[in-house]
Amino acid sequence: MNHKEVQQALREKENPERAERSQKFFKTGPGEYGEGDRFLGIPTPQIRNIAKDFNELSLPETEKLLQSEWHEERLCALVIMVHKAEKADETSHKKLFNLYKRNTRYVNNWDLVDSSAHYIVGRYLMDKDRDILYSWAKSDNLWERRIAIISTFYFIHQEEYEDTLALAEILLNDNHDLIHKAVGWMLREIGNRDRKCEKRFLDQHVQQMPRTMLRYAIEKFPEDERQHYLSL
């Protein structure tokens with residue numbers, strides 16, 4: 001089993017018309033966040049089904065797939081890595097984490113980050129030093145900044161909010177709306193579990209928060225509370 005077999009399985013599902021739509025949806029034009037990315041036009045459910053057939057792909061072969069120029073091949077590699085992470089022991093998960101860490105330049109669109117970071121990075125760092133998240137949060141690379149905050153989704157599921165809030169504070173002045181959306185989403189997830197905790201953060205930072213971040217964060221609030229925060 002090797003990465004070329006995965007590529008062949010994916011190519012059998014190629015759809016040029018859908019690929020063209022995907023290139024527009026994922027903003028691949030000059031100066032856009034996904035500039036230069038290339039698509040085969042394969043729906044995500046089909047990619048996930050193919051990934052299941054290659055769960056036993058070795059890490060070196062998975063890394064080759066992750067370094068592909070094609071978006072769907074990178075996504076398939078990440079789905080395979082997530083499957084491996086779900087059943088990995090400490091040693092195996094460390095290898096997955098290190099593979100991910102040295103290939104963040106290939107985890108380079110929001111769907112790639114959001115489908116992998118909390119499972120691979122967050123889960124691994126649950127009982128470890130998390131300094132790398134703070135380094136990524138200050139990175140010039142948009143996707144490393146998104147990886148930093150989305151990785152904390154795993155901590156949120158364990159009702160640990162400290163790092164999410166600290167990273168959100170670092171990212172308050174970020175200039176990209178994909179970070180505003182990600183931070184707002186994670187704050188909302190905290191609020192789904194502990195509304196008082198989220199409100200304490202909002203009360204302290206609402207006037208500094210970009211509007212998109214705030215709107216995402218308060219999406220589930222009662223209307224009167226939403227209007228209160230939007231008026232500040």
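Reader: Hi! How many salt bridges are there between domain 1 and domain 2?
Author: Zero. A salt bridge here is a side-chain nitrogen of Lys or Arg within 4 Å of a carboxyl oxygen of Asp or Glu. Bear in mind that this is a predicted model, where local features need pLDDT of at least 70, side-chain atom pairs count only at pLDDT 80 or more, and totals for chains, interfaces and linings use all residues. Residues are numbered from 1 along each chain as its sequence is written, and side-chain values use heavy atoms, with hydrogens and water left out.

Reader: Thanks! Where are the two domains?
Author: Domain 1 covers 1-105 and domain 2 covers 129-231, with bounds from an automatic or database domain assignment. Their C-alpha centres lie 27 Å apart.

Reader: And how many residues does each domain bring to the contact?
Author: Five come from domain 1 and eight from domain 2, where contact means heavy atoms within 4.5 Å.

Reader: What area is buried between them?
Author: About 580 Å², and carbon and sulfur atoms give 75% of that. Buried area is the accessible area (1.4 Å probe) that two parts lose on being put together, summed over both.

Reader: Which three residues supply most on the domain 1 side?
Author: Tyr 33, Tyr 100 and Thr 104, with 74% of the area that domain 1 buries against domain 2.

Reader: Switching topic: how many salt bridges are counted by this rule?
Author: The count comes to 18. One of them joins Glu 17 and Arg 21, whose closest N and O atoms are 3.4 Å apart.

Reader: Nice, where do Glu 17 and Arg 21 lie?
Author: Both are in helix 2, four residues apart, which is about one turn of the helix. Helices here are DSSP runs (H or I, at least four residues), numbered from the N terminus.

Reader: Why can such side chains pair?
Author: Side chains can pair because their charges are opposite, when the charged atoms come close.

Key. Helix = DSSP H or I, 4+ residues; strand = E, 2+ residues; numbered from the N terminus.
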